[in-house]
Amino acid sequence: MPNSKCLQKSEPLWKEWDQKAQKNGLRHQVNAVNGDCYVGQWKDNMKHGKGTQIWKKKGAIYEGDWKFGKRDGYGTLSNPDQEKGKYRKVYSGWWKNDKKSGYGIQFFGPKEYYEGEWCGDQRSGWGRMYYSNGDIYEGQWLKDKPNGEGMLRLKNGNRYEGYWQRGMKNGSGRFFHLDHGQLFEGFWVDDVAKCGTMIDFGRDEAPEPTQFPIPKIEILDPNGVLEEALAMFKKTEEDED
C-alpha cells in the first residue's frame with residue numbers, strides 16, 4: 001500500500017505579509033505619506049519607547065520618549081532657525097499624553113524663557129519666567145498666567161510681592177519702590193492699588209530718592225482716642241437696643 005502523507009495547511013499569504021508589516025521593536029526609519037519621518041522604537045504598530053520624529057511641514061523635531069503613539073516621558077522639541085541655519089530648542093522637559101506636563105523649560109525667544117511646572121501644555125504650578133525686557137516673575141501659575149503667591153522683580157530693581165489672579169495683581173501685597181526709597185503695602189484689584197500705606201524704605205540708599213521724606217504721623221493722646229472710640233461704640237449699641 002502506498003504511503004500517504006497529510007499535507008500541512010498553509011497560511012494565506014496576506015497573513016504573512018501583515019505580520020511582516022507590523023512594526024515592533026527598533027526601526028531604522030519610517031516615512032509617512034505626508035512626508036513626516038520617525039526613527040525609533042515601536043510597539044503594536046505605535047511609536048513606543050525612544051524615538052525621533054521630524055514633521056516635514058514645519059520642520060520641527062522631537063527627540064525623546066513615546067508611549068502608544070504619543071509623546072510621553074522626557075523629550076526635547078526643536079524648531080528650525082532660518083537665520084542661523086540650525087535647530088533652536090523650544091521645549092525640554094516632561095510630557096504626558098502628547099502635552100507638556102511636569103517640569104520643563106520653554107524658550108519663547110533668545111532672552112525670554114520659562115522654567116517650572118506644566119499641566120496640559122500650560123504653565124501651572126510653580127515656575128519662574130524671564131521676560132525679554134529684563135523683568136522676572138517667580139511664583140505660582142494657573143492656566144498659563146501668574147495666579148496665587150508670587151514676586152515680580154522689575155529690571156530697575158523694584159519688585160512686587162503678593163497675590164495674583166488671572167495674570168494681574170489681585171489681593172494683598174507689597175510694592176518696593178527701591179529706586180525712590182519707598183514701600184507701599186496694600187490691596188490690589190486687577191493691577192490697580194485700591195488702598196494701602198506708603199512709608200520710606202531704604203531712602204538713603206535709593207538712586208533717585210523723593211525730594212522730601214514722608215512725615216511720621218503720631219497721635220498725641222492715643223489713650224484718649226481709644227476711650228472716645230469705645231464710648232461711641234457703646235452708645236451705638238445702647239441706641240440699637
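Reader: In which sense do strand 4 and strand 5 pair, and over how many bridges?

Author: In this predicted model, strand 4 and strand 5 (residues 70–81) pair in the antiparallel sense, over six bridges. One pair of partners is Lys67 and Lys70, the latter in strand 5. The two strands form a hairpin with two residues between them, and Phe68 in the turn has a positive phi of about 50°.

Reader: What joins strand 4 to strand 3?

Author: Six bridges join strand 3 to strand 4, and these strands also run antiparallel. Gly51 stands opposite Gly64 of strand 4. This hairpin has six residues between the strands, and Gly59 takes a positive phi near 80°.

Reader: How many of the residues of strand 4 are buried?

Author: A general idea helps before the count. In a regular strand the side chains alternate between the two faces of the sheet. In the present case, five of the seven residues of strand 4 (residues 61–67) are buried, so strand 4 is largely enclosed by the rest of the structure.

Reader: Which strand pairs with strand 3 through a hairpin of two residues?

Author: That partner is strand 2, and Asp44 in the turn has a positive phi of about 50°. Strand 2 (residues 37–43) and strand 3 (residues 46–54) pair in the antiparallel sense over six bridges. Within this pairing, Trp42 stands opposite Lys47 in strand 3.

Reader: Which residues does Ile54 touch, leaving aside those up to four places away in sequence?

Author: Ile54 lies in strand 3 and touches Asp36, Cys37, Ala60 and Ile61. Sequence separation and spatial separation should be read together here: Ile54 and Asp36 are 18 residues apart in sequence and 5.7 Å apart in space, C-alpha to C-alpha. Ile54 is partly exposed, with a relative accessible area of 32%.

Reader: How many helices and strands does the protein chain have, and what share of its residues is buried?

Author: The protein chain has two helices and 15 strands. Of its 241 residues, 29% are buried. The chain exposes about 17,400 Å², of which carbon and sulfur atoms supply 53%. As for contacts with a separation of 6 or more, residues 24 or more positions apart account for 8% of them.

Reader: How many salt bridges are there?

Author: The general idea is that side chains of opposite charge can pair when their charged atoms come close. In this structure the count comes to ten salt bridges. One of them joins Arg123 and Asp144, with the closest N and O atoms 2.9 Å apart. The pair links distant parts of the chain: Arg123 belongs to strand 9 (residues 122–130), whereas Asp144 is in the loop between strand 10 (136–142) and strand 11, 21 residues apart.

Reader: Are Arg123 and Asp144 buried or partly exposed?

Author: Arg123 is buried, because its relative accessible area is 12% and the limit for a buried residue is under 20%. Asp144, at 29% relative accessibility, counts as partly exposed.

Reader: Which side chain meets Asp191 in a salt bridge?

Author: Lys169 does so, at 3.4 Å from N to O. This pair also links distant parts of the chain, with Asp191 in the loop between strand 14 (182–189) and strand 15 (192–200), and Lys169 in strand 13 (residues 168–177), 22 residues apart. Asp191 is partly exposed, with a relative accessible area of 37%, while Lys169 is buried at 12%.

Reader: Which residues are linked in a network of salt bridges?

Author: Glu115, Arg128 and Glu138 are linked in such a network. A further salt bridge brings together the side chains of Glu161 and Arg159, at 2.8 Å from N to O. Glu161 is partly exposed at 23% relative accessibility, and Arg159 is partly exposed at 22%.

Reader: With which side chain does that of Asn158 make a polar contact?

Author: The partner is the side chain of Asp179, at 3.1 Å. Asn158 lies in the loop between strand 11 (145–153) and strand 12 (159–165), and at 5% relative accessibility Asn158 counts as buried. Not counting residues up to four places away in sequence, Asn158 touches several residues, among them Leu152, Phe175, His177 and Asp179.

Reader: Which residues make a nonpolar surface patch?

Author: Tyr74, Trp94 and Tyr103 make a patch of about 330 Å². Tyr103 is in strand 7 (residues 99–109) and is partly exposed, with a relative accessible area of 42%.

Technical notes. Residues numbered from 1 in each chain as written. Predicted model: local features only at pLDDT ≥ 70, side-chain atom pairs only at ≥ 80, totals over all residues. Heavy atoms only, no water. Patch = residues over 30% accessible without salt bridge, like charges linked within 9 Å, V, L, I, M, F, W, Y side chains within 5 Å. Areas by Shrake-Rupley, 256 points an atom, 1.4 Å probe, with all protein chains shown as cover. Salt bridge = Lys/Arg side-chain N within 4 Å of Asp/Glu carboxyl O. Helix = DSSP H or I, 4+ residues; strand = E, 2+ residues; numbered from the N terminus. Buried < 20%, exposed > 50% of the residue type's maximum accessible area, 1.4 Å probe, protein only. Pairing = 2+ DSSP bridges. Polar contact = N/O pair within 3.5 Å; in protein donor to acceptor, adjacent residues only side chain to side chain. Contact = heavy atoms within 4.5 Å.
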